[in-house]
Amino acid sequence: MRAIAIFAPLAFFFASPPAFALPDELEVHLAETTKPGQFAVDVISSYTASGPRKPSGEGLRPTFHLLQLSPDFSYGVTQNSQVDLQLFSSAGLGGEARVDGGRVEYLTVPIRPEDENDDGLFLGGLFEVGHLPATLSKNSLDAEIKMLLGYRIGRWTFATNPEIGFKVSGNGSSQPDLSVKLKAAYRVDQRYSIGIEHYGDLGQLRQIGPLNRQSQQTFGVVDFKAKEMDFNIGIGRGWNDFSERWVLKTIVSFPLGK
């Protein structure tokens with residue numbers, strides 16, 4: 001185990017309730033999985049420097065000046081699959097800190113290039129169930145199904161994670177919510193790439209949009225490697241009154257037990 005210091009550094013015309021919150025994790029999943037029989041961890045952090053102009057009407061915990069930290073521990077089951085335990089925690093400017101919940105996950109990417117640097121299509125899925133933090137949900141138990149779809153060609157990687165989130169138990173809406181994550185990255189060399197990530201809510205399954213009343217965040221990101229560690233660092237801007245206006249995020253990934 002190593003000690004890590006984490007810093008935080010097309011229109012739709014149907015009415016639906018506005019969405020205010022950041023995604024449960026500011027990460028676009030690609031083709032990589034933890035090697036079979038090995039453990040790894042992703043430490044995902046975000047800090048909201050400037051919150052939405054319109055407050056949440058859902059009774060969720062505000063994210064303004066809130067540092068959110070989510071360690072995700074994974075274990076490789078097969079060559080193409082892994083199981084995860086993700087924990088949620090947060091700290092405010094006043095020194096208040098809390099553990100906000102956790103969930104278990106199963107990730108599988110059965111279709112992908114043999115080597116992570118090879119060109120080609122990757123396709124997989126992710127199922128998650130657990131107790132989400134108070135910034136995201138008032139339910140006692142939520143679940144999500146995500147699709148992983150992407151393509152590598154030359155120095156470019158394009159990926160998307162469409163998601164359906166739904167209540168398992170609790171007092172929240174029984175209607176599934178839709179969202180999407182997008183990523184386009186250009187590999188500068190073997191260790192560095194630059195890109196854009198977008199995290200967008202689409203609304204409820206029965207009432208999509210309008211997008212200008214759903215949280216929409218776009219990040220400029222840098223991905224790089226340092227020894228056995230992978231870093232993703234980005235700064236994001238919200239595009240409407242229902243989005244956090246400025247957010248800093250980091251992801252630090254490294255193997256355990258080495």
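Rings of Phe, Tyr and Trp, the last by its six-membered ring, make a pair if their centres lie within 6.5 Å. Keep that in mind as you look around this model, which is a predicted one.

**Exercise 1. Find the aromatic cluster, then sort the pair Y199 and F219 by its geometry.**

Step 1. Start with the cluster: W156, F158 and Y186 form it together.

Step 2. Now widen the view. Searching the whole structure turns up six aromatic pairs. For Y199 and F219, the ring centres are 5.7 Å apart and the planes stand at 85°.

Step 3. Planes over 60 degrees apart count as edge-to-face, so at 85° this pair is edge-to-face.

Step 4. Place the two rings in the chain. Y199 sits in strand β9 (residues 192-204) and F219 in strand β11, so they link distant parts of the chain, 20 residues apart.

Step 5. Are these two buried or exposed? Buried means under 20% relative accessible area. Y199 has 2%, so it is buried, and F219, with 0%, is buried too.

**Exercise 2. Work out which residues have the most contacts inside the largest nonpolar core.**

Step 1. The largest core holds 13 residues, and those with the most contacts inside it are L26, L107, V109, F122, L148, Y199 and F219. Y199 and F219 are the edge-to-face pair from the last exercise.

Step 2. Which elements give two or more residues to this core? They are β4 (97-111), β5 and β11 (216-226).

Step 3. Zoom in on L26. Leaving out residues up to four places away in sequence, L26 touches I44, S46, E197, Y199, F219, V247, K249 and I251.

Step 4. Another core lies apart from this one; it has seven residues, among them V41, F231, F254 and L256.

**Exercise 3. Trace the salt bridges of K146, then look at the one between E32 and R152.**

Step 1. The whole structure has 15 salt bridges. K146 meets E144 in one of them, at 3.7 Å from N to O. K146 also meets E163, again with 3.7 Å from N to O.

Step 2. E163 is in strand β7 and K146 in strand β6, so their bridge ties together parts 17 residues apart in sequence.

Step 3. How accessible is each partner? K146 is at 3% and counts as buried, E144 is buried at 14%, and E163 is buried at 5%.

Step 4. Follow the links outward: E25, R103, E105, E128, E144, K146, E163 and K181 are joined in a network of salt bridges.

Step 5. Turn to E32 and R152, whose side chains form a salt bridge of 2.5 Å, N to O. This pair joins distant parts of the chain, with E32 in the segment before β1 (39-50) and R152 in strand β6, 120 residues apart.

Step 6. Check the cover: E32 is partly exposed at 35%, whereas R152 is buried at 7%.

**Exercise 4. Say which element gives the most to the nonpolar surface patch.**

Step 1. List the members. I111, L121, M147, L149, Y151, I153, W156 and F158 make a patch of about 700 Å².

Step 2. Two elements give two or more residues to the patch: β6 (141-153) and β7 (156-169). β6 gives the most, with four.

Step 3. Pick out L121, which lies in strand β5 (residues 120-131). Its relative accessible area is 41%, so L121 is partly exposed.

Conventions
Residues are numbered from 1 along each chain as its sequence is written. This is a predicted model: local features need pLDDT of at least 70, side-chain atom pairs count only at pLDDT 80 or more; totals for chains, interfaces and linings use all residues. Side-chain values use heavy atoms; hydrogens and water are left out. Patches are made of residues with over 30% relative accessible area and no salt bridge: like charges are joined within 9 Å, nonpolar side chains (Val, Leu, Ile, Met, Phe, Trp, Tyr) within 5 Å. Accessible areas come from the Shrake-Rupley method with a 1.4 Å probe; for residues, only the protein chains shown count as cover. A salt bridge is a side-chain nitrogen of Lys or Arg within 4 Å of a carboxyl oxygen of Asp or Glu. Buried means under 20% relative accessible area, exposed over 50%, partly exposed in between (1.4 Å probe, protein chains only). A nonpolar core is a set of buried Ala, Val, Leu, Ile, Met, Phe, Trp, Tyr and Cys residues joined through side-chain atoms within 4.5 Å. Contact means heavy atoms within 4.5 Å. Rings of Phe, Tyr and Trp (its six-membered ring) pair if their centres lie within 6.5 Å; planes under 30 degrees apart count as stacked, over 60 as edge-to-face and the rest as tilted.
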